[in-house]
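Let's take a walk through this model, starting with how far to trust it and then looking at a pocket and a single residue.

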Amino acid sequence: MLMLDLPRLEREGTLEFGGEIPPDAPLWEGSDLHFRGPLKVSGTARLAGSGEILVDTRIEGELQQECRRCLAPVITRVESTPMFVFGEADEEGGEDGEIRRLDVEATELDLGEAVREELILTLDPFVLCDPDCKGLCPRCGIDRNRETCDCVLEEKDPRWDALRALRNE
């Protein structure tokens with residue numbers, strides 16, 4: 001995965017990194033994210049004066065999703081530049097919840113979980129194949145972008161007849 005060598009970071013102060021996370025990596029299990037190829041992650045890690053590690057990252061890849069209206073496959077370009085802060089945090093993750101826990105005895109820092117969390121929280125789960133997508137017919141299920149059907153979608157509920165009569169007067 002994406003491991004940072006912490007002793008080297010302490011010696012040099014700044015560390016460039018890069019790598020790929022395969023689409024079938026165990027990291028993605030249970031996330032419902034399906035990538036078309038490896039996810040490329042690169043960036044710079046540096047020590048802050050307060051003892052924290054600041055990690056600027058660039059994440060790139062292609063995500064395979066389904067249109068929320070017609071279920072057609074949609075390829076979404078993933079481009080994100082999050083910044084992660086690792087340090088000695090309390091149980092809640094620091095004062096504002098932005099500091100990720102760092103084991104003071106660790107010699108390596110795995111960025112995989114931070115990348116996973118960032119993508120799950122920032123990616124749009126409801127993509128459209130086209131802004132004008134007509135979706136599927138709720139009655140017969142045909143794709144209304146390709147075919148038309150004779151289904152009547154409006155069902156009259158007799159409980160509203162009295163109000164309809166008032167509106168028509």
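**Confidence first**

Within the chain, confidence bottoms out in helix α3 (residues 161-168), with a mean of 85, and peaks in β4, at 96. Keep in mind that this is a predicted model, so a look at pLDDT is a sensible way in: where pLDDT is low, the predicted coordinates shouldn't be read in detail. Over the chain, the mean pLDDT is 89, and 94% of the residues reach 70 or more.

Now for the empty space. The largest pocket has a volume of about 290 Å³. It is lined by 14 residues, and those closest to its centre are Asp-32, Leu-33, Gln-64, Gln-65 and Pro-125. Which element gives the most to that lining? That would be β4, with 4 residues. Both β4 (53-66) and α2 (112-122) supply at least two lining residues each. Sorted by class, the lining of the largest pocket comes out as 7 nonpolar, 4 polar and 3 charged residues.

Next, jump to Ile-142, which sits in the loop between α2 and α3. Is Ile-142 buried or exposed? Its relative accessible area is 19%, and the cut-off for buried is under 20%, so Ile-142 counts as buried. As for its company, once you set aside the neighbours within four places in sequence, Ile-142 is in contact with Gly-135, Leu-136, Cys-137, Glu-147, Thr-148 and Cys-149. Gly-87, by contrast, is 55 residues away from Ile-142 along the chain, and the C-alpha atoms of the two are separated by 53 Å.

Terms used:
Residues numbered from 1 in each chain as written. Predicted model: local features only at pLDDT ≥ 70, side-chain atom pairs only at ≥ 80, totals over all residues. Heavy atoms only, no water. 1 Å grid on protein atoms, 1.4 Å probe; cavity = no way out; pocket = protein on both sides within 12 Å on 5 of 7 lines; lining within 4 Å. Points joined across faces, edges and corners; volume = space filled by probe spheres on them. Nonpolar A, V, L, I, M, F, W, Y, C, P; charged D, E, K, R; others polar. pLDDT = per-residue confidence, 0-100. Buried < 20%, exposed > 50% of the residue type's maximum accessible area, 1.4 Å probe, protein only. Contact = heavy atoms within 4.5 Å.
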